[in-house]
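This briefing covers one strand and its neighbours, then the contact between two domains. Please look over the sequence and the model before reading on.

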Amino acid sequence: PTAREPGPGTDYATDDPFTSARTDWWRQDRFGMFIHFGAYSQLEGEYRRADGTVCRDAEWIKRNCQIPMSEYEDAAQDFNPSSFDAKAVVKAAKDAGQRYIVITSKHHDGYAMWPTKQNTWNLRDHSSFDQRRDILAELKSAADAAGIKLGFYYSIWDWHDPDFADPATFPRYEKRMYAQLKELVDSYHPALLWFDGEWDADNPTNRWSAQDGERLQSYLHGLDPDLITNNRVGKRRVVDGDYGTPEQEIPDAPVDGQLWESCMTLNGHWGFAKYDQDWKSPTTLTRNLLDIAGRGGNYLLNVGPDKLGRVPQPSVDRLREIGSWLRTSGQGRAVYGAGATGLVDEPSWGAVSRSGDRLYASVTSWPAAGQPLHLTAKAPFTVTGARVLGSGQRVEVAKAGDGFDLTPSGGPADDIASVIELTVKPVP
Ligand code: JFZ
């Protein structure tokens with residue numbers, strides 16, 4: 001494959017994701033929706049074997065339940081997500097306060113969710129779905145209309161393409177992969193690509209190398225100089241792509257040397273699993289977002305539509321509660337455009353983020369009447385104002401030991417977290 005030269009004005013050798021205009025929206029937006037949706041969704045997490053036993057999994061069901069390819073292909077043939085409603089999905093994201101969406105265009109099962117020309121293993125050519133529909137195009141126009149960015153997850157690992165499995169034929173697979181990615185970029189103009197599977201578990205020859213990642217990245221930048229990619233595009237987790245992707249965990253401090261985004265499930269699975277009702281609470285989810293913002297990261301929270309394409313109601317409900325917290329009394333200022341403070345240590349009573357001359361102390365353990373919240377300063381600064389968002393209450397600020405004591409005069413403003421906004425001035 002040949003790539004055009006990178007666009008004018010962007011030198012990727014020196015372009016720093018931390019400060020680049022290219023990543024600006026991503027660094028501001030903080031909160032996105034992940035969508036795991038594919039041929040596996042048709043099975044809804046359960047595979048009944050001929051002997052009557054049931055094997056459970058979600059997007060890994062083909063492999064973990066050892067479903068023969070012909071049976072998996074038969075299931076995909078029945079896949080008819082006729083209730084997929086891009087506007088409803090985008091509305092759920094918008095109501096949650098999520099500002100970008102990343103959907104699986106192709107997971108490890110190799111099944112493409114758009115009408116790719118590279119094979120027939122896709123939603124147009126191998127399903128029972130309305131052949132006139134293209135859910136990625138539908139999502140793109142709904143997202144554009146709502147001012148939400150759209151990105152695609154793409155698995156390098158492919159369980160379906162026979163050329164992937166054999167090192168001798170891998171170059172043929174790679175050529176199709178490049179062609180598929182060009183289709184995605186040219187047809188849907190994604191804002192970002194979220195790679196995965198560069199670590200494939202049945203790889204005898206470690207065939208995806210750092211150089212492969214670099215070559216792919218420069219090819220993509222040639223197609224669209226503004227594209228953002230995660231680090232799973234290559235093998236060297238810290239230097240490849242624009243940001244790191246800790247999965248199902250929140251790093252306990254700002255990560256040195258790279259932007260990062262924690263991806264997480266709402267229950268225990270990425271793809272739809274009908275038996276999984278183990279939902280995280282809105283309180284936990286909102287507090288996760290606050291912890292992440294205070295450590296300078298993004299939060300990519302997943303939904304797994306069912307076989308008809310419907311986002312589960314418990315997911316929609318939880319997302320709406322997070323959004324309602326963010327919309328209340330301007331509390332979203334603790335998240336959007338905010339990041340690590342560089343000024344204070346993370347307190348045990350909540351999370352602190354910073355946006356310009358404001359610190360947002362999101363208090364999850366409100367003190368007893370008259371008791372102070374202590375903020376430990378790790379760089380000198382002064383405080384010129386303090387207020388609780390959504391309440392008129394006074395907060396007394398006093399220099400104390402290694403920092404400040406904040407003493408609110410009343411009770412908490414919000415059960416999930418009450419935000420104290422401080423106006424600060426770093427001492428040079
Ligand atoms: C991958 C996928 O296998 C999974 O199905 C899901 O799509 C998730 C978001 O990404 O899983 C991973 C990828 C990387 C690691 C672990 C699981 N990792 O680096 O530890």
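**Strand β6 and the domain interface**

Both faces of β6 are covered, with Leu192, Trp194 and Asp196 buried on one side and Leu193 and Phe195 buried on the other; buried means under 20% relative accessible area, with exposed over 50% and partly exposed in between (1.4 Å probe, protein chains only). This is a predicted model, in which local features need pLDDT of at least 70 and side-chain atom pairs count only at pLDDT 80 or more, while totals for chains, interfaces and linings use all residues. Residues are numbered from 1 along each chain as its sequence is written, and side-chain values use heavy atoms, leaving out hydrogens and water.

**Strand β6**

- Because 5 of the 5 residues of β6 (residues 192-196) are buried, the strand is largely enclosed by the rest of the structure; strands are DSSP runs (E, at least two residues), numbered from the N terminus.
- β6 pairs with strand β5 (residues 149-155) in the parallel sense over 5 bridges, where pairing requires at least two DSSP bridges.
- Aspartate 196 of β6 stands opposite serine 155.
- β6 also pairs in the parallel sense with strand β7 (residues 228-229), over 2 bridges, and leucine 193 has threonine 229 as its bridge partner there.

**Domain interface**

- The protein is divided into domain 1 (21-334) and domain 2 (350-426), with bounds from an automatic or database domain assignment.
- In contact (heavy atoms within 4.5 Å) are 14 residues of domain 1 and 15 residues of domain 2.
- The count between the domains is 1 salt bridge, defined as a side-chain nitrogen of Lys or Arg within 4 Å of a carboxyl oxygen of Asp or Glu.
- Arginine 333 forms a salt bridge with glutamate 421, their closest N and O atoms being 3.6 Å apart.

How values were computed: Helices (H or I, at least four residues) and strands (E, at least two) are DSSP runs, numbered from the N terminus.
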